[in-house]
Amino acid sequence: MTRVNAIVVHKLGGPEVLQFEQVDVPLPAPGEVQVRNTAIGLNFIDVYFRIGLYPAAGGLPFIPGNEGAGVVTALGNDTNGLAIGDRVAYAYGMGSYSELRNIDANRVVKIPVGVSDQSAAAMMLKGMTAEYLLLRTFEVKAGQTILIHAAAGGVGLIAGQWAKYLGATVIGTAGSPEKVALTLAHGYDHVIDYNKKNFVDDVREITNGVGVDVVYDSVGRTTWLGSLDC
């Protein structure tokens, strides 16, 4: 048993319910590894659990956080392929707002050389979302033209680069000149500032009236009908 610092939620509410305290972390069970977190990802879903919009699986109290990166410090039995000292990243339930945690060994991935712990911790949930959208929800292929709303967000920046790698022509929407510039630097062929232009008209112009093969719309009400028109 190791005593470490963590952020714990004992009651639902605003940021004031986040309590910094010490918790006990046991040795990893069979099939688990123990990871000393060096970076954690912050996501809107953490807020949803904190305020009770999504119920925490184990009830109260709970340690928030769904993704992180760090160093393996201990191994349970049956954790072939991992060693103490390995740099790993994960997206695995809640519990990353802690210095130390135990995780199923089959839920961690080794961090490649050249990728920082901060980048690895920040990309797991968003990267998995991009993979699901581009490869399974609608499989993007070379030669297709796609539209991604909220292109300057975490998922949008990863998805744009990934779709470009797959050979697609990638159109994005963003809400400011700064976001447009950021998005253009991350793989997008065209970016439309929706506060200045009608994205439907621009998409028709860019595609010579053909439209796009798919729209990835994470905004919803304000873009839904326009997305259909694209």
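**A friendly note on this predicted model**

1. The largest nonpolar core is a good place to begin reading this predicted model. This core has 16 residues, and those with the most contacts inside it are L134, V140, I146, I148, V170, Y188 and Y216. Two or more residues of this core come from each of these elements: helices α2 (117–137) and α3 (154–165), and strands β8 (145–148), β9 (169–174) and β11 (214–216). If you have the structure open, colouring these elements will help you follow the next point.

2. Which residues does Y216 touch, leaving aside those up to four places away in sequence? The list runs L133, L134, F138, V140, I146, L147, I148 and H149. Several names return here from the core: L134, V140, I146 and I148 are among the residues with the most contacts inside it, and so is Y216 itself.

3. There is also a second core, separate from the one above, made of nine residues. Among them are V33, Y90, A105 and V108.

4. Now for the whole protein. Its secondary structure comes to six helices and 11 strands. Along the principal axes, the C-alpha trace spans about 65 × 40 × 30 Å. The protein has 230 residues, of which 43% count as buried. Taking contacts between residues at least 6 apart in sequence, 63% of them join residues at least 24 apart. The exposed area is about 12300 Å², and carbon and sulfur atoms supply 56% of it.

5. Next, please look at the surface around helix α1, which covers residues 44–51 and contains Y48. A nonpolar patch on the surface is formed by F44, V47, Y48, I51, L53 and Y54. Together these residues have about 590 Å² of accessible area.

6. The aromatic rings deserve a point of their own. A pair of aromatic rings is described by two values, the distance of the centres and the angle of the planes. How many aromatic pairs does the structure hold? There are two. Y48 and Y54 make an edge-to-face pair, 5.3 Å centre to centre with 65° between the planes. F49 and Y54 are also paired edge-to-face, at 5.8 Å centre to centre and with 80° between the planes. Ring pairs thus link Y48, F49 and Y54 into a cluster.

7. Are the members of this cluster buried or exposed, or something in between? Y48 counts as partly exposed because its relative accessibility is 30%. Y54 is partly exposed too, at 37% relative accessibility. F49, on the other hand, is buried, with a relative accessible area of 13%. Y48 and Y54 also belong to the nonpolar surface patch described above.

8. A few backbone details are worth a look. As background, most residues other than glycine have a negative phi, and most peptide bonds are trans. In this model, the peptide bond from L60 to P61 is cis, with omega near -10°. P61 sits in the loop between α1 and β4 (67–75).

9. Two residues that are not glycine have a positive phi: D78, at about 60°, and A150, at about 55°. D78 is found in the loop between β4 and β5 (87–91), and A150 in the loop between β8 and α3. How do they stand with respect to the surface? D78 is exposed, because its relative accessible area is 67%. A150 counts as partly exposed, at 33% relative accessibility.

10. Finally, a word on K126, a lysine in helix α2. Is K126 buried or exposed? At 18% relative accessibility, K126 counts as buried, because the cut-off for buried is under 20% relative accessible area. Not counting residues up to four places away in sequence, K126 touches L42, N43, E67, G154, V155 and I158. As for E32, 94 residues away along the chain, its C-alpha atom is separated from that of K126 by 24 Å.

Notes:
Residues are numbered from 1 along each chain as its sequence is written. This is a predicted model: local features need pLDDT of at least 70, side-chain atom pairs count only at pLDDT 80 or more; totals for chains, interfaces and linings use all residues. Side-chain values use heavy atoms; hydrogens and water are left out. A nonpolar core is a set of buried Ala, Val, Leu, Ile, Met, Phe, Trp, Tyr and Cys residues joined through side-chain atoms within 4.5 Å. Buried means under 20% relative accessible area, exposed over 50%, partly exposed in between (1.4 Å probe, protein chains only). Helices (H or I, at least four residues) and strands (E, at least two) are DSSP runs, numbered from the N terminus. Contact means heavy atoms within 4.5 Å. Patches are made of residues with over 30% relative accessible area and no salt bridge: like charges are joined within 9 Å, nonpolar side chains (Val, Leu, Ile, Met, Phe, Trp, Tyr) within 5 Å. Accessible areas come from the Shrake-Rupley method with a 1.4 Å probe; for residues, only the protein chains shown count as cover. A salt bridge is a side-chain nitrogen of Lys or Arg within 4 Å of a carboxyl oxygen of Asp or Glu. Rings of Phe, Tyr and Trp (its six-membered ring) pair if their centres lie within 6.5 Å; planes under 30 degrees apart count as stacked, over 60 as edge-to-face and the rest as tilted.
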